[in-house]
Amino acid sequence: MNNQILKDENDRVDGVYKVTGKAKYFAEYELPGLTYGVLVTSTITKGKILSLDTKAAEKAPGVISVLSHLNKPSAPAYEQEGGPAMKIFYTDKIFFNGQPIAIVVANTFERATYAASLVKATYAKEEFNTDFEKAVNDTESKKLQGQPDYKRGVENAYKTAEVVVEQKYHLPIETHNPMELHGIIADWHPNNQVTVYAKTQGVKATQGTIANVFKIPIENIQVKSEFVGGGFGMALRTWPLEIATVMASKHIGKPVKIMITRMQMFTMVGNRPAAIQTIGLGANKDGTLTGITHRAFGETSVYENFTEGVVNMAKFMYQCDNVNTQYTVVPVDLGVPIWMRGPGEATGAFALESAIDEMAHALNMDPLEFRIKNDPERDQQRNKPFSDKNIKEAYRVGSQKIGWSERKNKPGSLVDGQLKTGYGVSIGVFNANRGRASVKGTLKADGSLILQSATSDIGPGTGTGMTLIASKLLGIPVNKIKFELGDSSLPPAPSQGGSATLSTVGSAVNDVCVSLKSTIAELAANSNMDATSNFIDVLKKNNLPSIEVTKQSQAGKERDDYSMYSFSIHFVKVKVHSLTGVVKVDKIVSVGDSGTIVSPKTARSQMVGGAVGGVGMALTEESILDHRYGRYINNNFADYHVPVNADIPEIEVHFINKPDPYINPMGAKGMGEIALIGFSAAVANAVFNATGKRIRTLPITPDKILATS
Amino acid sequence: MINFQYLRTTSVKSAIALLLKDKNSKFIAGGTNLIDLMKRGVSAPEKLIDINHVPLKQIELVGNNIVIGALASNTAVAENALIKDKLPLLAMALNAGASAQLRNVATVGGNMMQRTRCGYFYDTEMPCNKRQPGSGCGAVGGFNRMHAIFGTSDKCIAVHPSDMCIALVALDAVVVLANSKGERKISFKDFHRLAGDTPQLDNNLKADEMIIRLEIPVNNLAKNSHYLKVRDRASYAFALVSVAAGMEISNNKITDIRLAMGGVAHKPWRLTASENFLKGKKATIENFEQAAKLAMADAKGYGENNFKLQMAPNTIIEALNVAKSKA
Amino acid sequence: MQSSDKKTNQSDSRRDFLKKSSLITAIALTPSVAVKAAENQADERFAELFEKIPLNLTVNNKACKTSIEPRVTLLDYLREELHLTGTKKGCDHGQCGACTVHVNGERVNSCLSLAVMNEGKKITTIEGLSNGDELHAMQAAFIKHDGFQCGYCTPGQIMSAVACVNEGHTNSRGEISEYMSGNICRCGAYPNIVDAIVEVSKGGTEA
């Protein structure tokens with residue numbers, strides 16, 4: 001494909017806004033009297049605030065107000081007993097280093113920033129632990145069940161198999177780090193009317209949270225979030241700093257804007273939790289898997305629990321009669337994690353897909369052949385057929401494109417001077433979700449269509465996908481369709497997460513279009529027009545400037561009958577420098593098996609983006625703490641290494657592009673997660689194939705290559 | 001950031017006069033490091049003296065020296081035809097640092113004054129003897145993967161962050177400094193300091209001095225030069241280890257050799273013992289390996305950076321190999 | 001270089017500053033009315049005037065005249081005062097490239113440049129790149145090759161890409177990647193960005 005984009009593929013509908021700087025992100029709304037909030041954060045990890053001296057800050061030029069637990073700005077839900085442990089400005093407790101303890105509001109950003117540096121706190125420190133590995137290994141530490149244990153067949157059957165692989169895999173904390181810094185503008189008007197300009201993956205969720213905390217009717221709150229500069233999961237909740245900003249606006253009666261720093265992005269808006277996983281695999285010598293055991297420990301916080309689907313994949317991805325899983329979460333004194341792209345499934349897939357490769361090696365089998373041999377016909381976990389699954393075809397296409405035939409099964413076989421070449425493969429899988437959403441469609445006599453829904457677009461191209469669905473169904477050109485989103489006053493839709501937006505909102509768009517079509521047909525019949533008449537003519541003949549319809553759509557009972565997943569196969573070719581230990585990803589082929597491709601150009605970009613994220617997860621990304629202080633040491637873009645352009649080779653993307661007959665009217669399944677899930681294992685497997693070195697702790701930095709013998 | 005006073009000046013003389021007037025003042029040129037440090041609260045000058053308009057941007061051949069003004073931008077130097085032709089090692093090192101945007105404004109003098117990238121230095125809530133003498137060193141016993149293996153002290157194990165300076169120390173550059181009374185010259189290898197008991201001092205620039213220019217003697221290393229930077233990502237990252245290697249090879253023998261390393265010490269680390277060993281020898285892999293071994297004689301790891309004890313000699317060998325192989 | 005920089009209370013430094021004001025011998029950047037006012041009556045209002053200095057620059061071919069605190073970065077000046085919000089804040093420390101603008105034709109991180117350092121200079125932001133409704137070739141190529149997803153790094157990428165072509169660093173995909181590495185894209189549109197630059201650098205509009 002060589003990154004050639006076919007001419008008939010549609011451009012992103014909001015492309016012009018994004019390339020001209022006209023796209024407005026939350027911080028870019030001009031409001032009269034806008035003020036600037038800057039946070040003061042804790043410098044200890046655990047304990048209590050003893051004193052907070054805000055005098056100097058209050059006297060500093062331009063300062064309007066300093067809010068903290070000392071003056072408890074009004075938030076009715078926090079004034080009651082119970083509720084969350086972390087009630088911002090209603091507790092003197094410190095749960096993690098970098099926790100917001102005050103907000104300084106001033107008339108300029110510079111003044112607020114300077115004044116915030118004048119706020120001085122004293123603390124009563126308590127002993128703490130931010131070291132997840134230590135907490136896992138400490139028999140005394142608190143451990144919580146993250147998910148019910150799962151067992152099919154014999155527990156730990158792998159142990160008695162002919163060939164056994166049992167290995168431990170470590171993932172560090174990763175930080176989402178979307179390019180846009182987090183924040184919000186809160187504008188609390190008289191009569192308890194609130195407008196917020198948010199960076200959120202769910203305008204309805206943000207609206208609901210504000211209503212709950214401030215005990216005002218939900219319809220008093222309008223959340224706007226038209227453009228979101230990336231989220232990757234971190235904008236799936238309303239964070240305490242956003243509540244603090246709303247408090248501040250309510251308190252001073254002016255709009256308050258906050259945009260946190262890149263350093264603060266590491267502490268107070270979630271992260272991919274660290275994990276330690278043990279995989280046990282058993283197989284017959286002929287390569288038949290006989291036992292899978294997946295045990296995982298995941299990081300959570302002390303003040304709020306977080307769990308995700310780390311061990312899901314082991315239950316159904318391979319044909320195996322004996323499977324057991326266990327998922328335990330272990331609290332540490334850090335900010336609470338949140339789903340990060342691919343979420344727990346990406347964490348689990350690194351371990352499982354590395355172990356599968358290790359087993360293939362132990363069996364002296366081609367890992368591709370081993371995977372195909374153990375590819376399941378049915379979902380053994382749910383005892384249902386898959387609605388649609390084309391993995392074998394995906395393996396075939398991808399292996400051809402990467403040049404799998406060049407690969408040698410014996411590691412370290414392809415050597416050219418100091419460079420060693422290796423190939424790796426892995427699979428990614430994620431639940432093909434579909435929720436409930438409403439869409440309003442307005443078909444106008446001027447030939448245009450307006451579609452509206454309170455969904456979000458954090459980057460995948462939601463508006464583009466929806467527009468293409470409507471265009472195809474109604475035969476209206478793309479440039480005559482407008483899809484409006486990112487406003488809580490529009491018909492409700494769920495948050496953008498779990499790769500479900502296209503399936504969920506797209507289905508409602510489908511239903512709206514089908515309904516509009518039949519209304520037009522009815523009108524045509526009633527006015528003695530041809531059934532194939534253009535809707536413009538029909539509306540004009542009926543003297544209607546427009547017709548509108550709102551439809552709610554959700555999944556039906558087909559979900560009871562079928563197991564629905566999206567799949568991806570990642571092929572990676574790497575070159576490893578044996579003297580410096582540098583791993584260079586040389587080529588990537590990702591194959592998506594996720595039903596119909598509605599918007600080829602943006603779908604392809606999503607797969608490319610997932611691969612880039614996967615390169616980061618595999619090779620460069622790790623949020624590092626100094627556990628003596630409980631503070632991050634590389635909390636910036638210079639030291640936390642998100643891949644740069646030079647890290648990324650050409651990426652080929654292929655889609656199976658066959659409709660899933662059961663998921664939704666489009667036959668389309670989500671793609672955001674599978675673009676990343678499993679990718680890191682493909683890299684680790686390629687590194688092993690190149691060097692014979694098996695790195696089980698991410699990221700695979702040059703020092704690890706040199707250290708492993 | 002405090003609302004400092006901002007002054008502009010157009011001559012070396014007035015710049016120094018302004019500097020002397022207030023001890024809590026600083027020069028600002030490109031500002032790419034200083035503004036970053038001010039935003040982090042690491043540096044808080046009350047007065048900034050903008051020296052960008054002082055005419056010190058020359059890049060020219062003067063006699064047997066290539067002269068580079070202190071205010072020439074990193075890009076201007078890296079893209080200069082004379083530099084590319086005569087000192088490709090310097091151009092390579094410059095292009096290995098930062099990004100195109102930063103190099104466009106970062107100056108030669110500013111690059112020399114660049115402060116360490118140590119995370120403890122940058123976080124005002126952590127101990128750091130360099131930022132706050134006497135507060136301790138967070139990196140000793142802490143996160144020290146990026147830190148020094150040569151010339152360390154128990155007070156500080158931070159590394160010098162520049163790439164340009166690694167090439168300059170290899171090229172025997174001379175730094176010309178001015179104060180109100182006149183100029184003095186200092187060899188580049190003596191410009192930066194080891195941490196010792198005074199890690200707060202990165203270099204030997206005196207409080208009343210200004211960097212004026214560099215003088216780099218012309219050499220015959222251009223053909224067989226290479227700057228190799230090993231880092232955690234392919235670009236826009238500080239070095240784990242870097243090596244500047246330049247050789248003059250005639251009749252299959254090494255007649256001149258320069259070797260320096262970055263990412264390993266508090267100053268650009270010249271590998272004199274390795275150079276002495278290689279001088280007059282054949283450019284063979286065996287000799288490169290021996291030279292790399294000699295380079296590591298006094299190296300010491302601090303735990304997380306122990307890998308550098310292997311990565312450093314490997315990188316020396318690879319850099320020499322690549323330099324030698326250039327046609 | 002100072003060994004350790006003491007943090008100074010703002011009001012102290014203001015008093016200090018006022019005391020020293022009449023001694024300033026460098027180019028006078030302070031409006032004389034403010035100096036007089038400050039000498040006569042050093043209160044907050046005048047101090048505020050005094051702390052700002054005049055600034056003249058050209059942004060997207062428009063002359064801009066203002067009075068500004070020296071600590072305001074070019075980025076914050078563009079975004080908060082001129083409301084040219086196409087230029088983005090991604091890290092505020094020169095580590096991501098989202099704030100890239102052209103200063104006198106060269107790409108620069110506007111977050112690490114004080115506005116006052118740009119006196120008399122010509123600034124071009126993403127808003128000044130297109131000719132009315134007619135997109136710059138690089139903007140059109142970014143759309144065609146889908147060189148973005150969320151769009152937040154995009155203005156910086158495009159400003160950087162235009163400079164990359166002007167500089168002539170487009171001799172290979174590898175060279176483009178290296179010279180575009182100062183612009184981080186978390187959505188991971190890198191190969192598409194390179195495609196767009198390859199197309200523009202070839203001067204054609206064909207893929």
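1. Which residues of chain A does the UniProt annotation "domain: Aldehyde oxidase/xanthine dehydrogenase a/b hammerhead" cover? According to the UniProt record, an unreviewed entry, the annotation covers residues 20-127 of chain A. The structure discussed here is a predicted model.

2. Within that stretch, residues 20-127 of chain A, helix accounts for 17% of the chain and strand for 32%. The C-alpha atoms at its two ends are 51 Å apart.

3. Chain A touches chain C through 55 of its residues, and chain C contributes 57 residues to this contact. On the chain C side, several helices each supply at least two residues: α1 (10-20), α3 (44-51), α4 (74-81), α5 (137-144), α6 (154-167), α7 (173-179) and α8 (190-201). The largest share comes from α8(C), with 6 residues.

4. Sorted by class, the side of chain C that touches chain A consists of 23 nonpolar, 20 polar and 14 charged residues.

5. Chain A is also in contact with chain B: 30 residues of chain A meet 26 residues of chain B. Two helices of chain A, α4 (109-116) and α17 (702-707), each provide at least two residues of the side of chain A that touches chain B. Of these residues, α17(A) gives the largest share, 4 residues.

6. The side of chain A that touches chain B divides by class into 13 nonpolar, 10 polar and 7 charged residues.

How values were computed: Residues numbered from 1 in each chain as written. Chains lettered and ligands numbered in written order. Predicted model: local features only at pLDDT ≥ 70, side-chain atom pairs only at ≥ 80, totals over all residues. Contact = placed C-beta atoms within 7 Å. Nonpolar A, V, L, I, M, F, W, Y, C, P; charged D, E, K, R; others polar. UniProt positions renumbered as here; feature names shortened; annotations may be inferred.
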